[in-house]
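Me: I am new to this structure and should like to understand the reasoning behind the terms used for it. Please take the ligand site and then the cysteines.

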Amino acid sequence: MSEISVDEKKTNSAAAPLKLDAAVIGAGVAGLYQLHLLRQQGMNVKAFDAASGVGGTWYWNRYPGARFDSEGYIYQYLFSEELYKGWSWSEKFPGQPEIEQWLNWVADKLDLRKDIQFNTRIRSARFNEATERWILTTDSGQTIDTQFLVTCCGMLSAPLTDLFPGQDSFKGKLYYTSMYPKDPVDLSGKRVGVIGIGATGIQVIQTIADKVDHLTVFVRTPQYVLPMKNPKYTPADQEAYKARFKELAETLPRTFTGFEYDFENKWADLTPAQRREVLEDIYADGSLKLWLASFGEIFFDEDVSEKVSEFVREKMRERLKDQRLCDILIPKDYGFGTHRVPLEMGYLEVYCRPNVDVVPVKNNPIARVTPDGIQLQDGTEYNFDVIILATGFDAGSGALTRMDIHGRGGRSLTGEWGRDIRTTMGLQIHGYPNLFTTATPLAPSAALCNMTTCLQQQVEWISNCIKYMREHNLKVCEPTREAEDRWVKHHEETAAATLVPKTVSWYMGSNVKGKPRRLLSYIGGVGTYRQKCDEVAAKNYEGFAMH
Ligand code: NA7
């Protein structure tokens, strides 16, 4: 994606290293705020991003129908009332163009752009033990010499590519949702095949079905879905949510998932009729509340999980009507909420359209992409003009393992995480001094958290930690092996108490061949995690050795 010229690349490789106090990788939600906070401390800091603009996830994921599943007004930054109130969403769950505009507006408001180097992918990072500094190299051959390295690369930013043999041979157009073209793509009159019905595929499918000539959806694992209610906002609506700023800033960081709602009902306390009433009520909210704030027991208790799953299945059956569609699209063998639950708008009804086909590929998998389309294992071939791959990401770890990161003693993060994915509270990794991370495994993140809530907390913790070091004239911070062992153990115990590790999905890394299996996100709750991080900081960063 680099737009740097060959001449510029030559100049870069010959130039002296760029010397920084801190380098931030990524200019998305986390990276922008991290840059702002470190710069406020008077540090010489620069952010780098492979994209040509700010936005991270919201820069890259510009596929048809991309939008929030979190309410816009809770996805915002909460560190500045002025920044919060300065932006007005046009609807409850805004779409990607508006989200990208918002992040551009934030970058301008905070005057961040002058300290961001775009079109720059960090290729490698090596810790120099003699100087105790990081040496980074970019895809243009530039070298950066920095004391601190903060990765703000997002949890879902390493797309799975080349999943199918023959992709290069396809004569039509093949698009990844995560790298969808900036220029408009005209799908009218086209035969389109979509692979993937995760949160992404669902948004694509419901958006393009009435625009294409024919749509074929390949379904491997059925997916629970919830209908989204997405009212447009009037100026009065905008004023109303803005008036809640203080309340939201106080509550969001303390709930279980960083959303504005929390688990209020206890399954055992209610009669079956009352439970039904609660579920119907929350279902009608048209948000993720049914998943993240109905009955907490869905994460722990097989019986409750099955009852709530059946409630959702019933709602899906009512809309799909057709038995074949129900058999293909309604999950039976895993519990509601143990995968990411997508919100949708008219998605299920799409399958009732005459120009839409669904092809189950669980028992007859996709074998290859051919010059004309997609071929299944049994030889059946479907011909397309366009193939859209909504096939997911190497979540949590992929962004860092695809970079060549070497810590103390030359250890390789790609090698280590290839065997066992470990972090200390998702904030640092033993063996990698002064490397701070956001949106990495073993912290609350995309899977079970409103991203901006979690990212702000991590960014603030990192910023405070670096501030503490500078105030105490400390140069290097690295978690001890013991502290990391303790966190990994706590993470595993917390995960094991839930039903989520039983799932086969990106939550467990099971969508990537050979990836060590571990629940990627911490499931102890956003509020609890925050408290634990604060306690560590209050004890002068206990478990994080500094000198
Ligand atoms: P997901 O949730 O990982 O979904 C990927 C989809 O692609 C899912 O339906 C997969 O089926 C499907 N897939 C992947 N490989 C294949 C093959 N080989 N054959 C058929 N189908 C395949 O990614 P998303 O981008 O939708 O969402 C990621 C997160 O981004 C989401 O959770 C939000 O937090 C935002 P499978 O389930 O593996 O059988």
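Reply: The model is a predicted one. Around the ligand stand 18 residues, and the closest are Ile197, Thr200, Arg220, Thr221 and Arg340. By kind, this shell divides into 10 nonpolar, six polar and two charged residues.

Me: What makes the approach of threonine 200 to the ligand a polar contact?

Reply: A polar contact requires N or O atoms within 3.5 Å. An N or O atom in the side chain of threonine 200 is 2.7 Å from an oxygen atom of the ligand, so the pair meets the cut-off. A polar side-chain atom of tryptophan 506 lies 3.1 Å from a ligand oxygen, and a polar backbone atom of alanine 390 is 3.3 Å from one. The protein buries 83% of the 770 Å² that the ligand exposes when taken alone.

Me: How do you know that cysteine 449 and cysteine 454 form a disulfide?

Reply: Their sulfur atoms are 1.5 Å apart; the limit is 2.5 Å, and therefore the pair counts as a disulfide. A search of the whole structure finds one disulfide. The link is right-handed, with 115° about the S-S bond.

Me: Why is cysteine 454 called buried?

Reply: Buried means under 20% relative accessible area. Cysteine 454 has 4%, so the term applies; cysteine 449, at 7%, is buried as well.

Me: Why is cysteine 326 not in a disulfide?

Reply: The closest cysteine sulfur, in cysteine 352, is 9.1 Å from that of cysteine 326, which is too far for a bond. Cysteine 326 is buried, with a relative accessible area of 6%.

Conventions
Residues are numbered from 1 along each chain as its sequence is written. This is a predicted model: local features need pLDDT of at least 70, side-chain atom pairs count only at pLDDT 80 or more; totals for chains, interfaces and linings use all residues. Side-chain values use heavy atoms; hydrogens and water are left out. A residue is near a molecule or strand if one of its heavy atoms lies within 4 Å of it. A polar contact is a pair of N or O atoms within 3.5 Å; within protein, one must be able to donate a hydrogen and the other to accept it, and residues adjacent in sequence count only if both atoms are side-chain atoms. Accessible areas come from the Shrake-Rupley method with a 1.4 Å probe; for residues, only the protein chains shown count as cover. Ala, Val, Leu, Ile, Met, Phe, Trp, Tyr, Cys and Pro count as nonpolar, Asp, Glu, Lys and Arg as charged, and the others, Gly among them, as polar. Buried means under 20% relative accessible area, exposed over 50%, partly exposed in between (1.4 Å probe, protein chains only).
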